[in-house]
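Grab a pencil and work through these exercises with the structure open beside you. Try each task yourself before reading its solution.

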Amino acid sequence: MEKSADRPNKKKVVAVVGGGLVGALNACFFAKRGFDVEVFETRDDIRTAKVVKGRSINLALSHRGRQSLKSVGMEDKIVSNGIPMNARMIHSPNGKQSPIPYGKKGQYILSVDRANLNKELLTAAETYPNTKLNFDHKLQDWSPETGLMTFVRPDGSLEEIKADLIVGCDGAFSAIRKQFLRRSRFNYSQTYIPHGYMELTMPPINGEFAMKPNYLHIWPRNTFMMIALPNLDKTFTCTLFMPFEEFEKITTGDEVMEFFQKYFPDAIPLIGVDALKRDYFRLPAQAMVSVKCSPYHIGDKCVLMGDAAHAVVPFYGQGMNAGFEDCIVFDEIMDQLNEDFSAVLPEYTRVRVPDDHAIADLAMYNYIEMRAHVNSKWFLFRKNVDDILHFLMPGTIIPLYTMVTFTRTRYHQAVELWHWQDRVINRGLLFCATGALLGGSYLLVKNPPDINKLSIPAEKLWNRLLAVWTT
Ligand code: FAD
């Protein structure tokens, strides 16, 4: 193959390694700027492949992802194939369902099909005449000094290709990132959480969705949970998140039924007894990893984006959205610094690392909020207080979820604002509670009850009042 970077008098060559969600979108961004774009993807073309292996079947798309899609003219196409989810629908063990809205009226996240999204983005990238998609190209190694990459083909042969800029979008186990790890002053950490995930399908009933479709259904059970997102074919994809050791305890179909009977009884008739007993053992539970690293670039030669830079656990529904936002942030910096890679790459690291690290931490936090906090009365009370204050002071008090999901507030600033708001609101609540207690006591002292007229003994009454005050 022609070593593209050696071609004289041509626009610079950008190699995007990884043709997943972020790689395919990034190819559109670079192609739009007129670079010669080459995408290298280890898999076959998913648009023609019979079997598509991969992670979650559907994903929640929100504002950051949508803004990035909009920049390359893809938002409407993707949104028209998504299913709006206006609220979480909490399923309690007795089958009671209670909605908790995500934001204000009219705010929603979208359930989108991962494979379809990836296919649409690849097709969009291919419509640019300056883009070439190379499937069945697995990156084996590359040189930060020269930009020379070595790919392995399915027949074992090797291919060497050079590029001016290499964009590593090759996912959580990035081969591009391996070169970074060999260098000094590269920070890297990865954490596997003790939970795994397993996907189960809830089929339609009489051609209709088995549950209300415009919700993200959640069965929070404190140490584990199940969620379900709707699909266009009227199925739901249910994802069970649970510690690996709990998955391993269940070894027979009867044990699966016992477990579901105890924790998710309302889901049994909807998924089906036979399907449950069969599908639980179809694939082992999958692991989830959180990866943080810094810097994201090497010189003016290479930059990491998407999961290659920051794999996050899926509990904030932000992994892909953050990866898509990486592309738009890079694009904005390209405008500011006149496409000068030697200035753009360090600036991208400077701007983006704190934000991606913040969303990685928030995703870990939401891991507990989704499976446990949503069961707590204090959480629901605080959510209502936050919503009322947001309604009264929309520019001052903004719930964390709203900032993360429905705005492009930088992730690290959203965290700072959240902590500040939390402090202020908690102090306000304490102030109100103290005021109510003192006011109540004052009224009681000023207007003492006539003990003779009480139908219950005075001592009992005081005990009751004390119990109310102290709980
Ligand atoms: P990937 O999607 O992993 O794509 C990487 C690509 O690189 C792949 O196509 C791969 O084949 C290719 N590749 C790998 N190695 C090589 C190599 N050596 N050479 C060439 N190509 C290579 N995010 C959300 O925003 N919302 C959600 O609701 C959500 N739900 C999730 C649920 C689950 C269960 C999981 C696990 C994740 C979820 N995510 C969600 C996160 C989201 O899936 C990822 O953040 C997103 O897929 C990252 O895209 P990417 O392109 O960076 O990486």
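**Exercise 1.** At which residues does UniProt place the feature "transmembrane region"? Find the spans, then describe their shape in this predicted model.

*Solution.* Step one: look at the record. The unreviewed UniProt entry puts "transmembrane region" at residues 388–407 and 428–445.

Step two: check the secondary structure. Residues 428–445 are 100% helix and 0% strand. Residues 388–407 come out at 60% helix, with 0% strand.

Step three: look at the ends. For residues 388–407, the end C-alpha atoms sit 19 Å apart. For residues 428–445, that end-to-end distance is 26 Å.

**Exercise 2.** Work out how far you can trust the coordinates, and where you should hold back.

*Solution.* Start with the whole chain: the protein averages a pLDDT of 92, and 93% of the residues score at least 70. For the complex, the predictor reports an ipTM of 0.99 and a pTM of 0.90.

Now go to the start of the chain. Over residues 1–9, pLDDT stays under 50. The model still has 17 contacts for this stretch beyond four places in sequence. Where pLDDT is low, predicted coordinates should not be read in detail, so don't lean on the specifics there.

**Exercise 3.** Take the salt bridge between K249 and E246 and explain how the two residues are placed in their helix.

*Solution.* First, the distance: the side chains of K249 and E246 meet with N and O 3.1 Å apart. That passes the cut-off, which is within 4 Å.

Next, the position in sequence. Both belong to helix α6 (residues 244–249), and because K249 and E246 are 3 residues apart there, about one helical turn separates them.

Finally, the surroundings. K249 is exposed, since its relative accessibility is 56% and the cut-off for exposed is over 50%. E246 is partly exposed, at 28%.

**Exercise 4.** Now find salt bridges that link distant parts of the chain, starting from K292 and then from E332.

*Solution.* Begin with K292. K292 forms a salt bridge with D361, and their closest N and O atoms are 2.7 Å apart. K292 lies in strand β17 (residues 286–294) while D361 lies in helix α12 (residues 341–371), so this pair links parts of the chain 69 residues apart. Both ends are partly exposed: K292 has a relative accessible area of 23%, and D361 has 43%.

Move on to E332. The side chains of E332 and R408 meet in a salt bridge at 2.9 Å, N to O. Here the partners are 76 residues apart, with E332 in helix α11 (residues 319–336) and R408 in the loop between α14 (400–406) and α15 (411–446). E332 is partly exposed at 33%, and R408 is partly exposed at 27%.

One last step: follow the shared partners. Salt bridges join R64, E325, D326, E332, R352, D356 and R408 into one network. The full count for the model is 28 salt bridges.

**Exercise 5.** List the residues that come nearest to the ligand, then pick out polar contacts made through the backbone.

*Solution.* Of the 30 residues around the ligand, the nearest are E41, A60, R114, L139 and D307.

Now take the backbone atoms one by one:

- A60: a backbone N or O atom is 2.7 Å from a ligand oxygen.
- M320: a polar backbone atom lies 2.9 Å from an oxygen atom of the ligand.
- T42: a polar backbone atom is 3.2 Å from a nitrogen atom of the ligand.

Terms used: Residues numbered from 1 in each chain as written. Predicted model: local features only at pLDDT ≥ 70, side-chain atom pairs only at ≥ 80, totals over all residues. Heavy atoms only, no water. pLDDT = per-residue confidence, 0-100. Contact = heavy atoms within 4.5 Å. Helix = DSSP H or I, 4+ residues; strand = E, 2+ residues; numbered from the N terminus. Buried < 20%, exposed > 50% of the residue type's maximum accessible area, 1.4 Å probe, protein only. UniProt positions renumbered as here; feature names shortened; annotations may be inferred. Near = heavy atom within 4 Å. Polar contact = N/O pair within 3.5 Å; in protein donor to acceptor, adjacent residues only side chain to side chain.
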